[in-house]
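Let's take a look at how charged side chains pair up in this protein. Have the sequence and the 3D view open as you read.

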Amino acid sequence: QVHLVESGGGSVQAGGSLRLSCAASRVPYSRKFMAWFRQAPEKEREGVAVINIVGNTAYVAEAVSGRFTISQDNKKTTVYLQMASLKPEDTAMYYCAASSTPFGTWRMALLPGEYSYWGQGTQVTVSS
């Protein structure tokens with residue numbers, strides 16, 4: 001059973017920064033992508049950023065482009081989401097997810113339904 005644990009969430013003022021971490025353990029050798037999703041109250045879960053674990057290529061959703069960066073550590077067991085210039089609309093529960101699917105497009109890689117493994121989430125609250 002894959003185990004994903006997010007950390008780093010908290011409360012910040014608009015314009016501030018946070019770095020989220022996702023530590024992965026007991027992950028399958030076939031794991032190919034890890035992604036960050038977020039879900040605000042009464043809204044659908046949306047993809048924020050995704051990284052190809054093997055190729056170390058990454059993609060960030062347009063809504064956060066230029067402000068968020070996804071990366072991984074050298075051991076490829078921890079994925080980070082560096083968030084800067086935070087806005088109140090970034091307030092949400094942020095989830096880490098992992099998939100063994102060899103996605104052909106970044107659009108597919110940001111669909112929550114394509115991921116089998118999820119963490120418990122970490123709350124990010126941005127005040128104006």
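What follows is a short tour of the salt bridges and of one acidic residue that goes without.

## The model and its salt bridges

One thing to know up front: this is a predicted model. How many salt bridges does the structure hold? The count is three, and they turn out to be linked.

## Starting at R38

Let's begin with R38, which sits in strand β4, residues 33–39. R38 pairs up with E46 in a salt bridge, and their closest N and O atoms are 2.6 Å apart. Is each partner buried or exposed? R38 has a relative accessible area of 8%, so it counts as buried, because the cut-off for that is under 20%. E46 comes out at 35% relative accessibility, which makes it partly exposed.

R38 has another partner too: D90, with 2.9 Å between the closest N and O atoms of this salt bridge. This pair links distant parts of the chain, since D90 is in the loop between β8 (78–83) and β9 (92–99), 52 residues apart from R38.

## On to D90 and R67

D90 is buried, with just 1% relative accessible area. Besides R38, the side chain of D90 meets that of R67 in a salt bridge, at 2.7 Å from N to O. R67 belongs to the loop between β6 (57–60) and β7 (68–72), while D90 is in the loop between β8 and β9, so this salt bridge ties together parts that are 23 residues apart in sequence. R67 is buried as well, with a relative accessible area of 12%.

Which residues end up in one network? Through shared partners, the salt bridges join R38, E46, R67 and D90. To trace it in the 3D view, go from E46 to R38, then from R38 to D90, and finish with the step from D90 to R67.

## D73, an acid without a salt bridge

Now for D73, which you'll find in the loop between β7 and β8. D73 is buried, yet has no salt bridge. How far away is the nearest side chain of opposite charge? That side chain belongs to K75, and it is 6.6 Å away. A salt bridge needs the nitrogen and oxygen within 4 Å, so this pair doesn't make the cut.

What does the side chain of D73 reach instead? One of its polar atoms lies 2.9 Å from the backbone nitrogen of K76, and the side chain also reaches the backbone nitrogen of T77 at 3.0 Å. Leaving out residues up to four places away in sequence, D73 touches T78 and Y80.

Methods. Residues numbered from 1 in each chain as written. Predicted model: local features only at pLDDT ≥ 70, side-chain atom pairs only at ≥ 80, totals over all residues. Heavy atoms only, no water. Buried < 20%, exposed > 50% of the residue type's maximum accessible area, 1.4 Å probe, protein only. Helix = DSSP H or I, 4+ residues; strand = E, 2+ residues; numbered from the N terminus. Lys, Arg positive; Asp, Glu negative; His and termini not counted. Polar contact = N/O pair within 3.5 Å; in protein donor to acceptor, adjacent residues only side chain to side chain. Contact = heavy atoms within 4.5 Å.
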